[in-house]
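Work through the exercises below with the sequence and the coordinates at hand. Try each task before reading its solution.

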Amino acid sequence: MASPSRYPETYAAWQRDPEAFWGDAAQAIDWVTPPSRVFSPGEGPYGRWFVGAEVNACHNAVDRHVAAGRGEQAAILYDSPVTGTKRRITYAELLDEVASLAAVLQDLGVGRGDRVVLYMPMVPEALFAMLACARIGAVHSVVFGGFAARELAARIEDAAPKVVLAASCGIEPARVVAYKPLLDEACRLSSHKPDSCLILQRPQAVAEMVEARDRDWAEAVAQARTAGRAAPCVPVAATDPLYVLYTSGTTGKPKGVVRDTGGYLVALAWSMPNLYGVAPGETYWCASDVGWVVGHSYIVYGPLLHGCTTVLYEGKPVGTPDAGAFWRVIAETGAVALFTAPTALRAVKKEDPEARLMQGHDLSRFRTLFLAGERADPDTVAWAERALGVPVVDHWWQTETGWPIAANPVGLGALPVKHGSPTVPMPGWDVQVLDESGKPVPADTMGTIAIRLPLPPGALPTLWRQDERFRESYLATYPGYYNTSDAGFLDRDGYVYVMGRTDDIINVAGHRLSTGGMEEVLASHPAVAECAVIGIKDALKGEAPCGFVVLKAGVAKAPDVIERELVALVRERIGPVAAFRLALTVGRLPKTRSGKILRGTMKKIADGDAWTMPPTIEDPAVLDEIGASLRERGLG
Ligand code: COA
Ligand code: AMP
C-alpha cells in the first residue's frame with residue numbers, strides 16, 4: 001500500500017509559519033547575498049519576498065550544475081518534427097551558448113534592468129536568449145509566435161526594449177510563419193523603437209535585414225566566441241524582475257505580469273520535487289510553448305533549476321506526423337513526466353481513441369501526466385488514465401501566479417483523485433471562495449475563488465510599471481484578497497473545483513484570450529454598429545470565440561462579406577492564435593433595460609444549456625432572434 005501523503009503536514013507547516021517555510025525552501029537556491037528577511041509586508045502593493053537578498057537566475061539554472069559535475073548531462077533535448085531535427089545540448093554546452101549570447105547582448109548595450117523582447121518559436125536559441133538575459137540582469141519579455149504584429153507592437157510599446165531577439169520564422173504544420181515582416185511592422189507601429197534586432201536566420205524563411213538595426217544572430221555569437229567573450233553572471237536583487245510576460249486583460253491592452261527573481265526561483269525549486277515528484281538528472285517534458293507562463297516555468301526555469309533534462313518539442317500533439325508523437329518523444333527522451341493541456345489530449349484521443357499509436361513505445365520510465373491551462377474534463381482525464389496507466393494530475397494556475405495554486409502533489413505522495421478537481425491548495429495559497437459581498441461561502445457553494453494575501457513567492461508582485469492597475473484589477477474587489485477571476489467551489493475535503501472565468505477571458509485550446517479585445521477589433525470595422533463576443537463550447541478546444549455584430553444602417557456590403565472581413569480583421573490584429581472563425585450578423589443584441597449586453601444568456605443559448613429569461617431584459621424577442629441565427633449555423 002502507498003504510504004500516506006506528506007501533504008497535510010506540509011500545508012500545515014506553511015500555515016503555522018509561512019516565513020519559516022519559505023526560508024527553508026530558499027535553501028535550494030544559491031544566493032549571492034542570502035536572504036536575511038523572508039517577507040517584507042510594507043513593500044509593494046501587498047509585500048515583497050526576500051528583500052535585500054541577491055541572486056542570479058542563470059547561475060542557478062546553468063552554471064552551478066556544471067560546477068557540480070553535471071556538465072555532460074543533457075540540459076535540453078530538442079525534438080523538432082516540423083524540421084526533422086533533434087539536438088542534445090549538455091549543461092556545459094548550454095553554459096557556453098548562454099555566456100556567448102549574453103556577451104553579444106552586452107555589446108548591443110543591454111545591461112541590468114534593460115528589457116529585451118523575444119519573438120521566438122520553440123528552438124533552443126529561445127532558451128539561450130531567456131537565460132542570457134537572466135545572466136546579465138536584463139528583463140526578458142517573450143511574445144508568443146501566434147500573435148500578430150499589433151499585439152507584438154503593444155508589448156514593445158509597453159516594455160520599451162533596448163533589443164528584440166527574433167527568429168526569421170516559426171513553423172506550423174501547414175505553413176511557415178515569417179516572423180520578420182511581423183516584427184518589422186510591429187517596430188513601425190510602436191512609438192518605442194528598439195536600438196537593435198538580433199535575427200536568428202532559419203533556412204525555412206530567410207529574413208531580409210534592416211540596415212543599421214538588424215544583426216545576424218549566428219554571426220554575432222560566432223564573433224563573440226572567437227573574441228573569447230563570455231559574460232559572467234550579474235547579481236541582481238531578489239526583487240528585480242526576471243521577466244515581464246504579457247497576458248490578456250479585460251480590454252485589448254495586455255497586462256504586463258512581473259515576475260521577480262528570488263521568489264520565483266524559490267517557488268519553482270520547491271515545486272519540482274514536491275509537486276512534480278522529479279529528481280535532478282531526470283527528464284521532464286512540458287509540451288507548452290516558451291511564449292506562455294507554463295513554458296517559462298516548466299520548460300525553462302523549473303527543470304533547469306532542479307538539474308533536470310528539459311525536452312523542447314517543436315511540434316504538435318497531432319499531425320507532426322500523427323497522434324503518436326507524444327508517446328514517441330516520451331520513449332526517446334526517457335521523460336518521467338509530461339505536462340500538457342487537456343486540448344492536446346483531446347486532439348490525440350480524437351485521432352487515436354484506442355491509443356493504438358502508443359504501442360511499440362517504451363513508456364516504462366514515464367510516471368505522471370500533468371494537465372493545466374484550462375478545465376480538465378473528466379472524460380479526457382479518464383481516457384488518459386486508462387491509456388497510460390499512470391496518475392493524471394490536473395493542476396490549476398494562471399500567468400499571474402507563476403506556479404500552481406492547486407495540485408495533487410505527487411512528490412509529497414499523491415492524494416486520492418477526484419475527477420473534475422485540480423485537488424488541493426499548495427503551500428503558500430490560502431484559497432477561499434467568496435460571495436459577491438466578499439464573505440467566504442460554505443463548502444460546495446459556488447463563488448469567486450480568491451487568495452488571501454499575501455501571495456506566495458513566485459506570484460506577481462505587481463504589473464509592469466502599473467501598481468495602480470494591479471491593485472484595481474486584482475486587489476480592489478475583495479480587500480485583503482487576490483481575486484483570481486475564476487469561479488468555483490471548495491468541497492468538504494478542501495478540494496478545489498475551478499469551473500470558469502468570471503470576467504470576459506476565454507480559454508481557446510489552452511490559450512488565454514480576451515473577448516473584450518476581440519470586441520474592440522470588431523467595433524473598429526466601419527460597418528459595425530455594435531458587437532458582442534462570447535466563448536462557446538468546442539469539443540476540441542474547450543471554447544471557441546463567436547462574434548455577434550449589428551451592422552450600421554445603410555451598409556451596402558452583404559452581411560456574409562462583412563463577416564469574412566471581420567474574421568480576417570481579428571486574425572490580422574490579434575493573430576491566428578485567437579482562432580476567431582465565426583462572426584454572425586444579427587438585427588439586435590439582447591440587453592437589459594439599463595443597456596448591458598446579456599452575454600451570459602447568449603452563451604447558454606449557443607451552448608445548448610438550460611437558460612431562463614433574465615427579468616431585466618429589455619425585449620425578450622431578441623433572444624429568439626439570436627437562437628435562430630445560431631441554429632442557421634448549426635449551433636445552439
Ligand atoms: N506561431 C504561429 N501561429 C500559430 C502558433 C505559433 N506559435 N501556434 C498556433 N498558431 C496558429 C495555428 O497554426 C492556427 O492557425 P490556422 O488558423 O492558420 O490554422 C491558429 O494559430 C490556431 O491554433 P490552435 O488553436 O492551436 O489550433 P490548431 O488547430 O492549429 O491546433 C491543437 C490544435 C489542439 C493541436 C493545438 O491547439 C494544441 O496543441 N493545443 C495545446 C495547447 C497548449 O499546449 N497550450 C499551452 C498551455 S499549457
Ligand atoms: P493562463 O493565464 O493562460 O495560464 O490562463 C489562466 C486561466 O486558465 C485560469 O484563470 C483558469 O480560468 C484557466 N485554467 C488554468 N488551469 C486550469 C485548470 N487546471 N482547471 C480549470 N481552469 C484552468
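The exercises go from the whole chain to single residues, and the model they use is predicted.

**Exercise 1. Overall form**

Task: Compare the radius of gyration of the protein chain with that of a compact globule, then describe the box, the surface and the contacts.

Solution:
- Step 1. Start with the rule: for 636 residues, a compact globule would have a radius of gyration near 26 Å.
- Step 2. Take the value for the protein chain, 24 Å, which agrees.
- Step 3. Lay the box along the principal axes: the C-alpha atoms fill roughly 70 × 65 × 55 Å.
- Step 4. Add the accessible surface, about 23,700 Å². Carbon and sulfur atoms hold 52% of that area.
- Step 5. Look at burial: 60% of the 636 residues are buried.
- Step 6. Take contacts between residues at least 6 apart in sequence: 71% of them join residues at least 24 apart.
- Step 7. List the secondary structure: the protein chain has 18 helices and 32 strands.

**Exercise 2. Two annotated spans**

Task: Find the helix and strand content of each annotated domain, and the distance between its end C-alpha atoms.

Solution:
- Step 1. Place the N-terminal span. An unreviewed UniProt entry annotates residues 7-61 as "domain: Acetyl-coenzyme A synthetase N-terminal".
- Step 2. Read its make-up: residues 7-61 are 42% helix and 16% strand. Their end C-alpha atoms lie 27 Å apart.
- Step 3. Place the other span. The unreviewed UniProt entry gives residues 518-596 as "domain: AMP-binding enzyme C-terminal".
- Step 4. Read the make-up here: residues 518-596 are 27% helix and 32% strand. The end C-alpha atoms of this span are 18 Å apart.

**Exercise 3. Aromatic pairs**

Task: Classify the pairs Tyr-119 with Tyr-179 and Tyr-243 with Tyr-264, and say which elements they tie together.

Solution:
- Step 1. Recall the two descriptors: a pair of aromatic rings is described by the distance of the centres and the angle of the planes.
- Step 2. Count the pairs in the model: 32.
- Step 3. Tyr-119 and Tyr-179 sit 4.7 Å centre to centre, with 35 degrees between the planes, so this pair is tilted.
- Step 4. Map that pair. Tyr-119 is in strand β7 (residues 115-119) and Tyr-179 in helix α7 (residues 179-189), so the pair ties together parts 60 residues apart in sequence. Both residues, Tyr-119 and Tyr-179, are buried.
- Step 5. Tyr-243 and Tyr-264 sit 5.4 Å centre to centre, with 80 degrees between the planes. An angle over 60 counts as edge-to-face, and this pair is edge-to-face.
- Step 6. Map this pair too. Strand β15 (residues 241-247) holds Tyr-243 and helix α9 (residues 261-274) holds Tyr-264, so parts 21 residues apart in sequence are tied together. Tyr-243 and Tyr-264 are both buried.
- Step 7. Extend the search to clusters. Ring pairs link Tyr-276, Tyr-284, Tyr-298, Phe-339, Phe-370 and Trp-397.

**Exercise 4. Charges over rings**

Task: Which rings have the charged end of Arg-155 or Lys-418 over them?

Solution:
- Step 1. Arg-155 places its charged end over the ring of Phe-147, 4.5 Å from the ring's centre.
- Step 2. Lys-418 lies over the face of Tyr-495, at 4.5 Å from the ring centre.

**Exercise 5. Helices and their cover**

Task: Which residues of helix α17 are buried, and how many are buried in helix α10?

Solution:
- Step 1. Helix α10 (residues 293-305) is mostly covered, with 13 of its 13 residues buried. Just after α10, Gly-307 has a positive phi of about 70 degrees.
- Step 2. In helix α17 (residues 599-607), the buried residues are Thr-601, Met-602, Ile-605, Ala-606 and Asp-607.
- Step 3. Their cover includes β30 (528-538), β31 (542-551) and α18 (621-632).
- Step 4. Zoom in on Asp-607. Its relative accessible area is 14%, so Asp-607 is buried. Beyond residues up to four places away in sequence, Asp-607 touches Ile-536 and Lys-537.
- Step 5. Go past the helix end: just after α17, Gly-608 takes a positive phi of about 75 degrees.

**Exercise 6. One glycine**

Task: Is Gly-516 buried or exposed, and what does Gly-516 contact?

Solution:
- Step 1. Locate Gly-516 in helix α15 (residues 515-523).
- Step 2. Its relative accessibility is 9%, so Gly-516 counts as buried.
- Step 3. Set aside neighbours within four places in sequence: Gly-516 is in contact with Thr-250 and Asp-504.
- Step 4. Check the distance to Asp-379: 31 Å, C-alpha to C-alpha, at 137 residues apart in sequence.

Methods. Residues numbered from 1 in each chain as written. Chains lettered and ligands numbered in written order. Predicted model: local features only at pLDDT ≥ 70, side-chain atom pairs only at ≥ 80, totals over all residues. Heavy atoms only, no water. Buried < 20%, exposed > 50% of the residue type's maximum accessible area, 1.4 Å probe, protein only. Helix = DSSP H or I, 4+ residues; strand = E, 2+ residues; numbered from the N terminus. Contact = heavy atoms within 4.5 Å. Phe/Tyr/Trp six-rings, centres within 6.5 Å; stacked < 30°, edge-to-face > 60°. Lys NZ or Arg CZ within 6 Å of the ring centre and 35° of its normal. Rg over C-alpha atoms; globule rule 2.2 N^0.38 Å. Areas by Shrake-Rupley, 256 points an atom, 1.4 Å probe, with all protein chains shown as cover. UniProt positions renumbered as here; feature names shortened; annotations may be inferred.
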